[in-house]
Amino acid sequence: MSASGAATVIEAHPGPGSARRGLAFLTVTGLAWGTTGAAADLIYAATDIGPAAVSFWRHLGGLVLLGAFCVARGPRAPRRPLRGRLGHLLGAGFGMAVFQTAYFASVEATGVAVATLLTLGSGPVLTAFGARLALGERLGRGGLLAVAGAVVGLAVLVGGDASVDPAGAALALLSAAGYAAVTLLGRSAGQRGEDPFTITLWSFGVGAAVLLVPALLEGLLPRGGDPVRAWALMAYLAVFTTALAYPLYFAGAARVRAATASVMMLIEPVTAAVLAVAVLGEPLTAAAVAGSLILLASITALAAAESRGARPREARSQGAQAQDAR
């Protein structure tokens, strides 16, 4: 095996340092995404605009900002032919459009807390099944316990809310399906050596194209109320929760298992719950506190299991590299 082949093995089986970086990237992403629902709720309160339009402007803003950054940094790798990559890139774009738009619609229908909790609660389950079927990944005993703990935490959180709009819940489940597709496709593309910025740019471009017609039919521009505030909030969504967060997400997802990335994103509903109380004035219930603590414990356990599991993989990779050198 050549030196480049050995590097591929190490990339495909990241060591503890790579896994820890991935977990750090996903933590920052979860915190940023946790503010998304509150920002969308404030946009709806400021002006008359729908979820498809909000999602379209978020996609387009992220595309422009990341495109400018990629032009400024210059090429980092030789151009690769689209053959064999196009399916992953288009699929991630469609999944992103479904994920974001259905989530914004769920926020409008049933509120920030319920929409976020249902989306991110069902996401890990769908991702785990998808990873088993499509990627051949196994959760292991520690991963299964962490996912089970996350489901329990979400059940406690949702169970504390007496009113859950059925349409909003259905939209949240649709959003979770899009989220699982993005997670799995991003993970698979990252393992093939795809640049996180390339995945993100394609996702935003395809998503914006898919959402343009629905946004036009719905009403592309804010109407009435305080449009300046609405534009400022949408700019926040484009810069911090999109252009910054998504490259970090794809980079993190390439360094850990798909189910791990999905469960790590449960940081988002915890952040959303805190903002719902502090910013939107929603009441803080005992169920919200207990559920959040269970979620955090599950995330901590899964992160520890991921770091431990990376050590034997790194040892095997280094052994293979040493044997090839001989």
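This is a short conversation about the cavities and two helix crossings in a predicted model.

Colleague: I'm new here, so let's begin with the empty spaces. How many cavities of 30 Å³ or more does the structure hold?

Modeller: A cavity is a space where a probe fits but cannot get out. Here there are two of 30 Å³ or more. The largest has about 70 Å³ of space, and the second largest has a volume of about 30 Å³.

Colleague: Which residues line the largest cavity?

Modeller: Its lining is made of Trp33, Thr36, Arg58, Phe99, Gln100, Tyr103, Thr119, Leu120, Tyr246 and Glu268. Two elements give two or more residues each, namely α5 (86-110) and α6 (112-135). The largest share, three residues, is from α5.

Colleague: How do the residues of that lining divide by class?

Modeller: Five are nonpolar, three are polar and two are charged.

Colleague: And which residues line the second largest cavity?

Modeller: You'll find Trp33, Met96, Phe99, Tyr179, Val182, Tyr246 and Tyr249 there. The elements giving two or more residues to this lining are α5, α8 (166-191) and α10 (227-253). By class, the lining has seven nonpolar residues, with no polar and no charged ones.

Colleague: Now to the helices. How are two packed helices described?

Modeller: By the angle between their axes and the distance between the axes. Take α5 and α10 as a case: their axes come within 15 Å and cross at roughly 135°. That angle makes α5 oblique to α10. Their crossing is right-handed.

Colleague: Which residues of α5 and α10 meet?

Modeller: On the α5 side, look for Met96, Phe99, Gln100 and Phe104; on the α10 side, for Leu237, Tyr246 and Phe250. This contact has six nonpolar residues, one polar and no charged. Some names should be familiar by now: Phe99, Gln100 and Tyr246 also line the largest cavity, while Met96, Phe99 and Tyr246 are among the residues lining the second largest.

Colleague: At what angle do the axes of α8 and α10 cross?

Modeller: At roughly 60°, and those axes come within 8 Å. So α8 is oblique to α10. The crossing of α8 and α10 is right-handed.

Colleague: Which residues make the contact between α8 and α10?

Modeller: From α8 come Tyr179, Val182, Thr183, Gly186 and Arg187, and from α10 come Tyr249, Phe250 and Ala253. By class, five are nonpolar, two are polar and one is charged. To link this back to the cavities, Tyr179, Val182 and Tyr249 are among the residues lining the second largest one.

Methods:
Residues are numbered from 1 along each chain as its sequence is written. This is a predicted model: local features need pLDDT of at least 70, side-chain atom pairs count only at pLDDT 80 or more; totals for chains, interfaces and linings use all residues. Side-chain values use heavy atoms; hydrogens and water are left out. On a 1 Å grid over the protein atoms alone, a cavity is a set of points where a 1.4 Å probe fits but cannot get out, and a pocket is an open set with protein on both sides within 12 Å along at least five of seven lines; lining residues have an atom within 4 Å of a point. Grid points are joined across faces, edges and corners, and a volume is the space filled by probe spheres set on the points. Helices (H or I, at least four residues) and strands (E, at least two) are DSSP runs, numbered from the N terminus. Ala, Val, Leu, Ile, Met, Phe, Trp, Tyr, Cys and Pro count as nonpolar, Asp, Glu, Lys and Arg as charged, and the others, Gly among them, as polar. Axes are lines fitted to C-alpha atoms, for helices over the stretch in contact, and angles run from 0 to 180 degrees between N-to-C directions. Angles under 35 degrees count as roughly parallel, over 145 as roughly antiparallel, 65 to 115 as roughly perpendicular and the rest as oblique. A crossing is left-handed if the near helix is turned anticlockwise from the far one by less than a right angle, and right-handed if clockwise. Contact means heavy atoms within 4.5 Å.
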